[in-house]
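Reader: I am new to this structure. Please take one part and go through it closely, in plain terms.

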Number of protein chains: 2
Amino acid sequence: MSLIVQKYGGTSVQDIDRIRNVARRVIQTRKEGHDVVVVVSAMAGETNRLIELARSVSPNPDEREYDQIISTGEQVTIGLLALALQSAGQPARSFLGHQVKILTDSVYSKARIKNIDAQVIFDTLKKGMVVVVAGFQGMDEEGNITTLGRGGSDTTGVALAAALKADLCEIYTDVDGIYTTDPRICPEALKLKKISYEEMLELASLGAKVLQIRSVEFAAKYGVNLVVRSSLNDNEGTRVTKEDKDMEEVVVSGITLNKDEAKISLRRLVDKPGIAMKIFRPIAEAAINVDMIVQNISEDGHTDMTFTVPRTDLVRAQGIIKKVAEDIGCKKVDADEDIAKVSVVGLGMRSHAGVASKIFQTLAENNVNIEMISTSEIKVSVVVKKKDGEKAVKVLHEAFELGGKG
Amino acid sequence: MSLIVQKYGGTSVQDIDRIRNVARRVIQTRKEGHDVVVVVSAMAGETNRLIELARSVSPNPDEREYDQIISTGEQVTIGLLALALQSAGQPARSFLGHQVKILTDSVYSKARIKNIDAQVIFDTLKKGMVVVVAGFQGMDEEGNITTLGRGGSDTTGVALAAALKADLCEIYTDVDGIYTTDPRICPEALKLKKISYEEMLELASLGAKVLQIRSVEFAAKYGVNLVVRSSLNDNEGTRVTKEDKDMEEVVVSGITLNKDEAKISLRRLVDKPGIAMKIFRPIAEAAINVDMIVQNISEDGHTDMTFTVPRTDLVRAQGIIKKVAEDIGCKKVDADEDIAKVSVVGLGMRSHAGVASKIFQTLAENNVNIEMISTSEIKVSVVVKKKDGEKAVKVLHEAFELGGKG
């Protein structure tokens, strides 16, 4: 007998029929002889309704009160699912975050889990019950209700799986798993059977649709076996796990496209120590997330520096950089929103040379101009014109033979 | 400086405008130099929406899960009110039942408060904040969420006032206070300035619209000064307090009408010890609330027994009584739904003789036939035909000169 944690997202519990469907799946798992802990999100749309209510009172709501309000969505779902299980003959009991002592820090709206007391869950499982836990929420040391950020129920599921030493954590959603790229761009995209935590983290912009990134970090840290699959069919899903031999032989696992960034360039900077610090410290202090940073080689004591930020933060970043530029004697600052970032991810890059050059060659052959390049151990990212983004994904997907056989 | 507990019902917080209105009233009270603890209900209609959701999954929902679900309504309101107070410049902080340690028994859906830990409230008030507490909910010793029954937020307010030794507990609703009778029946009905706990309890069917009966028992037990008033105007309201000299001089305070009962009669019972027990024990075991019981004097060793039950329980009660009747050899059982109960309540009855006879005379003069009579120390109730109910209220209201001067 195994212990399985199943997490169901908002679309999987969006109405009473879907909740009954989840109850059936849980009961099926029980019948296969497993103990089950279920984590659920709020019914689809409910969290947004609550956010609108809060914002209609206060456009910039106090975050403690905001969490107090928006954590109620999950509370309703756990009660409904427990009732659905009971009325199908399966004893069940629901628990709020604080009732299973999901202790977090006090960073409202994006709290991090510090500890979980598994005892009450084990006690309840021992009585033959299914345990239903509210996702997305916890409690800080003072007893305040906290929430874990968008997609936080994934993290609740993975954290519970880690605390309970569960054999498996299944993340149920409305897609079949993780694909080699977005099937809306490449209809030939294939579902991955297996992917490593590291790759999953690099595939953030693919995964964000189905998996909160923090939950993957958590899973990697505690070695939780994750499966991403659909609650609406019995397809196999994608296993996210620690890397193994098979994986290393796959050069490229997936390709992502991100059109939500903008780039800022500082031209002809005096090339001396401390310049980068002067640029990026105030940006970090403003909590703006810098993604790629590229600095060209120095020429006659001057250099160019370019970096990308989320497009929604561009105006703020420009304001900061304008001041910094004056300070360091830089005369020319450019900003460009008309960009797309294409990333190619794969564990095999570590041992297979030539991935980067194949990318550059493929894009060149297809007349896609590269504006920035950045590489990590298992990823190559390039920035191109926004209009070229989807084309770049398609030609690279084909070049690395990721698609289904025609 | 006083400490005031204010409780606002569902219609007082039914939308964002009303919530802002409550915030203004609270801030006004603060400006008058008082500390304020606010208790709020769910937004009008919200608890019913949640009940329907629960019942759509399970017509007879498990009460623990039911409470888990329906307690979320108040959680949303406290957050919204705290935000409204903050955005009007008044520091505020919201608390769930378990966060101020409102400890109850484990009788889900009608739990009783056992203890409240006032410390966190005092600490928060000391910081100059308004404390906003979720009504209707608590937590049992095992940490399960409980609810206090319909109107339970009144009891939360009164219990907090008792625990905090507050100077005043104001119950805000959508009517101006307690009236001598239902103004829809008697337009001349007057608002009472003051009423004793005992009378308020007897006026249950008037008070139920504005005050949960258990909250009055609680107020009486701990001597909490209650005021019932409207959140929509500045009228004075009705003070519910311990009896004083003035009150005793008022013979009759109010008249109530209840059309939700039915009566059952057992005819020609053998009059011997143990009969009443045989009839009422199974009724009590079925949790059917018997109100009036009348037994006539015995004639040739036989007697008649008549009692009233809530009309919604009549069919169940008849089923039980049918069996009992066979058992005790009673051949004739009648049931009658076509009744109304009219009650005349007043502390002065204790010392003023003749109230009952004045009632009987007034009804006789107006051709209202009396079917049952039952009296307590400060109340006379009569059962009449349903069609005569409102007429009886009107003529008695006039006879005891309760109305406004014409």
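Author: What follows is a close look at the contact of the two chains, and then at one helix pair. The model is predicted.

Start with the contact of the chains. Chain B gives 27 residues, and chain A gives 27 residues. In chain B, four helices each supply at least two residues of the side that touches chain A: H1 (16-31), H2 (46-57), H3 (63-70) and H4 (72-87). H4(B) gives the most, with 11 residues. By class, this side of chain B has 14 nonpolar, 11 polar and two charged residues.

Now lay one copy on the other. A turn of 179° and a shift of 0.1 Å along the axis place chain B on chain A, with an RMSD of 0.2 Å. The two copies are therefore related as by a two-fold rotation axis. The same surface serves both: 100% of the contact residues of chain B recur in chain A. Which residue of chain B comes closest to the rotation axis? B:Thr72 does, with its C-alpha at 2.9 Å.

Next, the helix pair within chain A. Helix H2 (residues 46-57) packs on helix H3 (residues 63-70) at an angle of about 140°. Their axes are 9 Å apart. That angle makes H2(A) oblique to H3(A). The crossing of H2(A) past H3(A) is right-handed. From H2(A), the contact uses A:Thr47, A:Leu50, A:Ile51, A:Leu53 and A:Ala54. From H3(A) come A:Tyr66, A:Ile69 and A:Ile70. By class, this contact of H2(A) with H3(A) has seven nonpolar residues, one polar and no charged ones.

Note on methods. Residues numbered from 1 in each chain as written. Chains lettered and ligands numbered in written order. Predicted model: local features only at pLDDT ≥ 70, side-chain atom pairs only at ≥ 80, totals over all residues. Axes fitted to C-alpha atoms, helices over the stretch in contact; angles between N-to-C directions. Parallel < 35°, antiparallel > 145°, perpendicular 65-115°, else oblique. Left-handed = near helix turned anticlockwise from the far one by under 90°. Contact = placed C-beta atoms within 7 Å. Nonpolar A, V, L, I, M, F, W, Y, C, P; charged D, E, K, R; others polar. Least-squares fit on C-alpha atoms with pLDDT ≥ 70 in both.
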